[in-house]
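Visitor: Walk me through this one, please, and take it piece by piece. I'd like some reasoning with each reply.

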Amino acid sequence: MAKNTVIQKILANHLVSGSGIPGEPAAIRIDQTLTQDATGTMAYLELEAMGIDKVKTELSVSYVDHNMMQNGPENRNDHLYLQTVAASKGVTFSRPGNGICHQVHLERFGVPGKTLLGSDSHTPTGGGIGMMAIGAGGLDVALAMAGQPFRLAYPKIIGIKLTGRLRPWVAAKDIILKVLSILTTKGNVGCMVEYFGEGVETLTVPQRATVTNMGAELGVTCSVFPSDEMTRRFLEAQGRGNVWVELKAGPDAEYDKVIEIDLNALEPMAACPSSPDNVQPVRELRGKKVGQVIIGSCTNSSFRDLTMVACMLKGRKVHPDVTLAIAPGSKQVLEMLARDGALADIIAAGARILECGCGPCIGQGQSPAQDTITVRTFNRNFPGRTGTKGDQAYLVSPETAAAIAVTGEFCDGASLNMAYPEIQEPDSFLVDDSMMIPPCACGKDVEIIRKPTIGKPPVNTPLPEALDGVVVIKTQDKTSTDDIMPAGIHLKHRSNIPEYAKVVFERFNEPGKPTFAQRAAAVRDSGRHGVIVGRDSYGQGSSREHAAICPMYLGVKAVIAMAIERIHAANLVNFGIIPLTFADRGDYDKIEVEDTVRIPNLRNAVLQKEITAEVVKKDGQVIPVRLNCNLSDEDRKIILAGGRLNLK
């Protein structure tokens, strides 16, 4: 059992309840929260529904970085609501164009040893500065803003020991890709990752943040680096040296599992279509033709990353068969690049400069052509996430991406036959917080702007006495929340649940046949309940709680899978959908779409750890299926009420 780790020290300082035994329920105090506009509107509507006048956290920040494309009034309507509700509730507001929430929070607000809960799955980026930063659904973040502790399973701690130093053209992205190749995206629920070893000291905070950001793809709760001399230098360069504290594991620290990675032995890597853990060395892909390269996202858009790209592009041109787009992570990064001339080198090479936002990472523009390889420095390459059906998306480091943009094919930075640029972190970053709007001192006097496209959070009905369910869809391994609720062009409807619910499981719809939404609504309107059946790692990826809200709106009462990922399982509970897992994984094969699933005396059944459901086949055959109901006492109370908003 782990002992005396950085993670345990932070937990000990924030534990509200729990025994400290791995797997047992625990609750921790949350110091800071962040939201972004794709999830934030619903989170603040939920906060209002709780009757909260002012947030109770040390700091809460509302960012606009996802729904930047104002194609129609919906997104700007959301922005106006977010700005005014923030002013009213004691929340700092980061205006559109100020940057991606994780990059900006790292620069301007991150504090070693503090807890951060964010309504975005890549909130663990903050672990690069020594925070315990956790992604969650919007309702859990709203509860934290209301002063409630965050509930989680006390974690097992995976220690990753780093030795050596990265060689030229090998990047921090290659560290996390190596980790993903070992741990994969499955089987890590209930774990946290802690990095230690002499190799840690060689990595800057932006490099560490790349690793913790993409650690979200492991399915772990968060990833944490120690706070050391490198952390102090970064904070001082940001003009925030006063918040630095040293935070290291004890000399007798132990971990539940240890993985050793020699940084000297790493090479440039790529995550191949269509999963972040489908990792291969770039050398094995050498010569593959590429049509698009995009550099940016919350994973790789720091000043260091883009300065490296500028050095590699200087005096060169983007290959004529390639489109190159650059999305800086923050206004700070963009302005510093502009002032020192690096931006001019990037533009001169033929790159297209995008807004400081998430954009193409969530399918908001820059979708690749059909049958074209797109290479990105992002964190996810789930099928269709780019906005192009059947896409071929690869994930690489900025160094590798820049080399590919110049040559038009897979290669690494060494292929450019240039000296490796030694990028030094600035002694002083450009600090301009003018695009941060502090909350109003007299919040009660603020008029909250609600345009017609701003809806209300839907409320579920209490759990019925019995489940009379129909299997509406059956999915395979790694069904992501992108699969359940697509982003891209549909993202603007997130404040309008009836409209957004029309595209639930859109990727699985077949031409000429009723959509999932139509089938689920028909089951609901007949007085029965929808059931979703999934395989392994159901609900991986984004924290978007709409992947629970919209199915709930369509009448879904239960999700049955081999395994359900942490954030999604919590979101299902919060909105009154029962997350169940097969006691016998082979029973997955016994259930088909349109089968009936019955659980008599359902309200009593959810109080048990194991439930037996009756699956009725089309021919009338009845098959008993044992299901695990691994819920805490608080979860069971929420499920019985029909969701967290029903609890008074």
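Guide: Sure, with one ground rule: two strands count as a pair if DSSP finds at least two bridges between them. Also keep in mind that the model is predicted.

Visitor: Then how many bridges join strand E21 to strand E25?

Guide: E21 covers residues 467–474 and E25 covers 596–599, with the two running antiparallel. Leucine 467 stands opposite isoleucine 599 in E25, and aspartate 468 has arginine 598 as its bridge partner. The bridges joining E21 to E25 number 4.

Visitor: Moving on to E26, which residue there is the bridge partner of valine 597?

Guide: Strand E26 spans residues 610–616 and runs antiparallel to E25, joined to it by 3 bridges. Within E26, the bridge partner of valine 597 is valine 615.

Visitor: In what order do the strands close into a barrel?

Guide: There are 7 strands in the barrel, and their pairing is mixed. From one strand to the next, the twist averages 40 degrees. Going round, the order is E21-E22-E23-E24-E27-E26-E25.

Visitor: Which helix packs on that sheet, touching E21, E22 and E23?

Guide: We want a helix that touches E21, strand E22 (529–533) and strand E23 (556–561). The one that does this spans residues 516–525, and its direction makes about 170 degrees with that of E21. That's helix H15.

Visitor: Which residue has a positive phi although it is not a glycine?

Guide: Most residues other than glycine have a negative phi, and that makes an exception worth a look. Here the phi is about 55 degrees. The residue is found in the loop between helix H14 (497–500) and H15, and it's phenylalanine 505.

Visitor: And the cis peptide bond: what is omega where proline 273 and serine 274 join?

Guide: Most peptide bonds are trans. The bond joining proline 273 and serine 274 is cis, and serine 274 lies in the loop between strand E13 (269–271) and strand E14 (279–281). Omega for that bond is about -5 degrees.

Visitor: On to the open sheet of 6 strands: which strands stand at its edges?

Guide: The sheet has mixed pairing and runs E7-E6-E3-E4-E5-E20. A strand at the edge has a single partner strand, so one side of it is left without a neighbour in the sheet. That picks out strand E7 (132–135) and strand E20 (436–437).

Visitor: Which helix packs on this sheet, touching E3 and E4?

Guide: Start from E3 (residues 32–36), which runs parallel to E6 (residues 115–118) and is joined to it by 3 bridges. Leucine 34 stands opposite glycine 118 in E6. The helix that touches E3 and strand E4 (59–63) spans residues 37–49, with its direction at about 115 degrees to that of E3, and it's H2.

Visitor: Now the pockets. Which helix gives the most to the lining of the largest pocket?

Guide: About 1,400 Å³ of space lies in the largest pocket. It is lined by 47 residues, with Leu152, Ala153, Asn630, Ser632 and Asp635 the closest to its centre, and the lining divides into 20 nonpolar, 14 polar and 13 charged. Helices that supply at least two lining residues include H5 (138–145), H17 (566–574) and H19 (633–641). With 5 residues, the one that gives the most is H17.

Visitor: Which helix gives the most to the second largest pocket's lining?

Guide: That pocket holds about 630 Å³ of space, and its 26 lining residues include Thr202, Thr204, Gln207, Ile423 and Gln424, which lie nearest its centre. By type, the lining divides into 14 nonpolar, 4 polar and 8 charged. Helix H7 (205–214) and helix H8 (229–237) each supply at least two of the lining residues. With 5 residues, the top contributor is H8.

Visitor: At roughly what angle do the axes of H7 and H8 cross?

Guide: The contact has Val205, Pro206 and Arg208 in H7 meeting Met230, Thr231 and Phe234 in H8. Those residues divide into 4 nonpolar, 1 polar and 1 charged. Angles of 65 to 115 degrees count as roughly perpendicular, and H7 and H8 are therefore roughly perpendicular to each other. Their axes come within 9 Å and cross at roughly 110 degrees.

Technical notes:
Residues numbered from 1 in each chain as written. Predicted model: local features only at pLDDT ≥ 70, side-chain atom pairs only at ≥ 80, totals over all residues. Heavy atoms only, no water. 1 Å grid on protein atoms, 1.4 Å probe; cavity = no way out; pocket = protein on both sides within 12 Å on 5 of 7 lines; lining within 4 Å. Points joined across faces, edges and corners; volume = space filled by probe spheres on them. Nonpolar A, V, L, I, M, F, W, Y, C, P; charged D, E, K, R; others polar. Axes fitted to C-alpha atoms, helices over the stretch in contact; angles between N-to-C directions. Parallel < 35°, antiparallel > 145°, perpendicular 65-115°, else oblique. Contact = heavy atoms within 4.5 Å.
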